[in-house]
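Me: Hey, can you walk me through this one? I'm new to reading structures.
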Amino acid sequence: MSLIHKFNQGDDRYLIDVNSGVVHAVDELVYDLLEENSLITKEKALEIYKNKYSKEELLEAYTELEELIDEGLLYTEDLYEDIAMNDKSKSFIKALCLNVAHDCNLKCKYCFADEGEYKGCRKLLTPEVGKKAIDFVIKKSGPRKNIEVDLFGGEPLMNFETIKEIVDYAREQEKLHNKTIRFTMTTNATLLNDEIMEYIDKQMGNIVLSIDGRKEVNDSVRVRVDGSGSYERILPKIKTMVDRRDKSKQYYVRGTFTRANTDFYEDVKHLADLGFKEVSIEPVVLPDEHELSLRREDLPVIFEQYDKLYEDLLQRHKEDRDFKFYHFNIDLQGGPCVYKRISGCGAGHEYVAVTPDGDIYPCHQFVGNEEFKMGDVFNENINMEISDTFKKAHIYNKPKCRECWARFYCSGGCQANNFNFNGDMNIPYDLGCEMQKKRIECAIALKSKVMEE
C-alpha cells in the first residue's frame with residue numbers, strides 16, 4: 001500500500017513517504033495538494049484552491065510533485081511485505097532478559113511485576129541457574145557474535161554477589177565461544193554504594209536508573225516498604241553513578257508517568273535541569289480499572305506535554321544545552337534495519353526472558369503466564385510453536401498496522417501490551433498507538449529542524 005502521512009508541528013508542515021521513510025518539510029500549497037493515498041487531480045486542485053493560490057502557483061507545484069512521484073520519493077511501493085510473509089530463515093537468540101531477582105525493596109504502585117514477585121513467590125536467581133542461562137543464550141545465538149544480557153528484577157542489586165559470579169562466568173565463556181556479551185542493568189538505585197557503582201560502571205554496557213521525576217511525583221508512587229518516598233535516598237546515588245560514566249558509556253535515567261502526573265513534561269524538565277543528558281519518561285501501562293491507568297480522555301493533555309517537550313528541546317539545542325529524550329530518538333537515514341522495523345524487539349524468537357527457576361518466557365512481561373512458558377535452561381530446547389507465533393506477529397500480520405503510517409517506526413507495538421489488552425498479539429494496544437504516533441511526529445520534526453542548522 002502506497003501512503004504518505006501529513007502533520008503539523010508548531011508552525012511547520014511535514015510529510016512522510018511511509019514505505020521509503022523519506023521526510024519532506026513542505027509549504028502550505030504542497031501540503032494542500034497531497035492526500036494520504038494520492039496526489040489530488042489537477043482539475044480538483046484548480047477548482048478547490050482557485051481562491052487561495054494563483055493558477056500559476058498551483059500548476060508549478062503540481063508539476064514538481066509529479067516529478068517527485070516519478071522519481072520514487074512519494075507514494076513509493078512497499079518492498080518488504082513479500083520478504084516478511086515468506087521468511088523461512090532460522091531464528092537465533094541474540095538477547096536475554098535475566099531476572100536475577102523476583103523481589104524488590106520498593107513497592108511501586110504501578111509495578112507490572114507485582115512488586116517484584118511476578119505472580120509467584122519472591123525468589124532470587126542462583127549462580128547455577130544464571131550460568132545455565134548464559135550457556136543457553138550462547139548455544140542458541142548460533143552464528144551471532146554479539147549477545148545482550150539485561151540484568152533485571154524486581155531489584156537486581158538484591159542479588160549482587162550472584163551477579164558478579166554470572167558476569168565472571170560470562171566473561172570466561174565469551175572468550176571460549178568467540179562471543180561478545182554486553183550487560184545492561186536496570187536498578188532502582190537504592191542499594192548503590194561505592195563498591196557496586198565501581199563494579200557496574202566497569203561491567204555494564206548500559207545502566208538504567210529509575211526515578212520518576214519531581215520529588216512529589218516520585219514519592220507518591222515509588223515508595224519504600226514503610227510507605228515513605230525514595231527520592232531523597234536515590235537522587236544523590238543516581239547523580240554519583242552518572243558522574244562516573246564517561247561519554248563512551250551508556251546510561252539513562254528512566255521514569256514512568258501515570259494518570260497522577262499527566263503533566264510529565266515537568267518531570268522530564270526536572271531531570272534535564274538536574275544535569276542528566278539521557279532521559280526517558282514513559283507512559284504507564286495498566287488495566288483500565290487501575291486508578292493510575294492512562295485513558296483516552298488523557299490524550300489531549302499528554303499530546304500537549306510532548307509538544308512542550310519538543311519546543312523545549314529545540315530551545316535547548318539553540319543554547320547548546322541538549323539532552324536526549326529516549327522516545328524522541330529517531331534515525332531519518334533508514335535505521336534501524338528493515339527486519340527490526342517490521343518485527344520489533346524480537347520477543348519470543350530473538351529475545352527471551354529467564355526466571356530465577358530457569359523457566360523461559362518470550363519476554364519479562366509474559367513471565368508467570370504459563371500459556372507462554374517456552375521451556376527451561378536445563379533442557380535448552382524451547383517450544384518452537386510459541387517461537388514461530390511470535391516471529392509471525394509482525395506488522396504484515398496485524399491488519400490495523402498494515403494501514404498505519406507509523407508501522408515502520410513502532411513495528412506493531414509491544415506484543416505483551418497487545419495481548420494483555422486484547423487477548424491477541426496481532427491487535428495493537430490502541431492507547432499506546434496514539435501516544436506512539438504523537439511521539440514519532442515530534443521526533444521527526446525535531447530531527448528535521450536540528451538537521452537544518
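Me: Let's start with a ring: is Phe372 buried or exposed?
Reply: Keep in mind that this is a predicted model. Phe372 has 7% relative accessibility, so it counts as buried, since the cut-off for that is under 20%.

Me: Which residue does Phe372 form an aromatic pair with?
Reply: That's Phe366, and the pair is tilted, with 4.6 Å centre to centre and 45° between the planes. Phe366 is buried too, at a relative accessible area of 2%.

Me: How many aromatic pairs are there?
Reply: The count is 15. One of them is Phe325 with Phe328: the ring centres are 5.0 Å apart and the planes are at 85°, so that pair is edge-to-face. Phe325 is buried at 2% relative accessibility, and Phe328 is buried at 4%.

Me: Which residues form a cluster with those two, Phe325 and Phe328?
Reply: Phe257, Phe264 and Tyr306 join them in one aromatic cluster.

Me: New topic, the sheet. How many strands form it?
Reply: It's an open sheet of 10 strands with mixed pairing. Strand 12 and strand 15 are the edges, each pairing on one side only. Strands 9 and 10 pair in the parallel sense over 5 bridges.

Me: Which helix lies across strand 10?
Reply: Helix 10, residues 265-273, which also lies across strands 11 and 12 and runs at about 165° to strand 11. Asp267 lies in that helix, and it counts as buried because its relative accessibility is 0%.

Me: What does Asp267 touch further away in sequence?
Reply: Beyond its neighbours within four places, its contacts include Asp212, Arg214 and Ile281.

Terms used. Residues are numbered from 1 along each chain as its sequence is written. This is a predicted model: local features need pLDDT of at least 70, side-chain atom pairs count only at pLDDT 80 or more; totals for chains, interfaces and linings use all residues. Side-chain values use heavy atoms; hydrogens and water are left out. Two strands pair if DSSP finds at least two bridges between them. Helices (H or I, at least four residues) and strands (E, at least two) are DSSP runs, numbered from the N terminus. Contact means heavy atoms within 4.5 Å. Axes are lines fitted to C-alpha atoms, for helices over the stretch in contact, and angles run from 0 to 180 degrees between N-to-C directions. Buried means under 20% relative accessible area, exposed over 50%, partly exposed in between (1.4 Å probe, protein chains only). Rings of Phe, Tyr and Trp (its six-membered ring) pair if their centres lie within 6.5 Å; planes under 30 degrees apart count as stacked, over 60 as edge-to-face and the rest as tilted.
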